[in-house]
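Hi everyone, thanks for making time. I'd like to walk you through one structure today, starting with its pockets and then moving on to a helix contact and some aromatic rings.

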Amino acid sequence: MIRVDNDWQPLFDIEQNKEYYLELRKFLKHEYATKRIYPPMDEIFNAFKLTPFNSVKAVIVGQDPYHEEGQAMGLSFSVREGTEEPPSLKNIKEELKAEGFDTSAWSSDLTRWAKQGVLLLNSTLTVEAHRAASHASHGWERFTDTAIVELGRDPRPKVFLLWGSYARSKKILIENSAHLILESAHPSPLSAYRGFFGNNHFRKCNEFLIRNGEEPIAW
């Protein structure tokens with residue numbers, strides 16, 4: 001049974017006993033035993049482990065993990081320090097600089113965001129090496145959608161950053177109008193110039209947090 005050792009545990013206890021999750025677990029057991037799968041098994045749930053439910057201030061929704069060697073670490077858009085930064089992550093850094101944030105201490109490892117209350121949540125939490133979206137539609141989406149629904153119902157105001165059409169499709173899961181939903185194009189080089197650059201999402205997020213009595217994120 002999965003242990004995250006924080007207040008996400010009740011959700012895990014419910015979901016991991018459902019039929020869809022038992023099927024997902026069976027699928028993953030075979031995949032990890034026979035193929036190269038990312039992230040490492042003990043990092044699949046890093047987003048939940050590093051950002052407890054009651055600590056969530058903001059949610060950045062990704063689609064699925066990076067699928068090249070050494071990249072995926074259980075946090076959307078994040079790669080380990082020393083790993084070549086994927087283009088989307090480079091563009092995130094560029095937008096931060098354009099918004100006036102100090103990026104002199106920038107790291108490609110976004111654990112520091114997670115520890116401040118930014119849930120870096122991919123919709124699909126695993127992927128086969130070199131095969132983007134290879135673990136889509138096997139049950140992960142139901143699990144992570146449930147997490148988004150629970151966050152959306154929570155009365156504490158928080159920010160949902162939805163970049164790209166896939167992430168924006170999750171808007172319907174967020175019920176409480178107390179939350180701020182920020183939508184734009186994806187930071188991918190294919191779309192960043194069509195609305196990601198200049199979206200000012202990091203500044204808007206912090207302004208909202210301050211208005212609601214929360215500490216801003218040190219991006």
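**Pockets, helices and rings**

Let's begin with the largest pocket, which holds about 610 Å³ of space. Before I go on, please keep in mind that this is a predicted model.

Who lines that pocket? The largest pocket has 33 lining residues, and Asp 64, Tyr 66, Phe 77, Ser 88 and His 186 are the ones nearest its centre. If you want to find the lining by element, look at β2 (58-62), α4 (87-98) and α7 (164-168), the elements that each give two or more residues to it. Of these, α7 gives the most, with four residues. For those of you thinking about chemistry, the lining of the largest pocket splits by class into 17 nonpolar, 14 polar and two charged residues.

Now the second largest pocket, with a volume of about 340 Å³. Here 13 residues form the lining, and the closest to the centre are Ile 2, Tyr 21, Met 41, Ile 44 and Phe 45. So which helix gives the most to the lining of this second pocket? That would be α2, residues 19-34, with five residues. By class, the lining of the second largest pocket has eight nonpolar and five charged residues, and no polar ones.

Let's stay with α2 and look at how it packs. Its axis and that of helix α6, residues 140-153, come within 9 Å, and the two cross at roughly 130°. How does that angle classify? It makes α2 oblique to α6. On the α2 side of the contact we have Tyr 20, Tyr 21, Leu 24 and Leu 28, and they meet Trp 140, Arg 142 and Phe 143 in α6. You'll recognise Tyr 21, which is also among the residues closest to the centre of the second largest pocket. The contact of α2 with α6 is made up of six nonpolar residues and one charged residue, with no polar ones.

Last topic: aromatic rings. How many aromatic pairs does a search of the whole structure find? The count is 21. Let me pick out one of them, Phe 48 with Phe 143: the ring centres are 5.8 Å apart and the planes stand at 70°, so this pair is edge-to-face. The cut-off behind that label is a plane angle over 60 degrees. The pair also links distant parts of the chain, with Phe 48 in helix α3 (residues 46-50) and Phe 143 in helix α6, 95 residues apart. And Phe 143 is one of the α6 residues that meet α2, as we just saw.

That's my tour; happy to take questions!

Key: Residues numbered from 1 in each chain as written. Predicted model: local features only at pLDDT ≥ 70, side-chain atom pairs only at ≥ 80, totals over all residues. Heavy atoms only, no water. 1 Å grid on protein atoms, 1.4 Å probe; cavity = no way out; pocket = protein on both sides within 12 Å on 5 of 7 lines; lining within 4 Å. Points joined across faces, edges and corners; volume = space filled by probe spheres on them. Nonpolar A, V, L, I, M, F, W, Y, C, P; charged D, E, K, R; others polar. Axes fitted to C-alpha atoms, helices over the stretch in contact; angles between N-to-C directions. Parallel < 35°, antiparallel > 145°, perpendicular 65-115°, else oblique. Contact = heavy atoms within 4.5 Å. Phe/Tyr/Trp six-rings, centres within 6.5 Å; stacked < 30°, edge-to-face > 60°.
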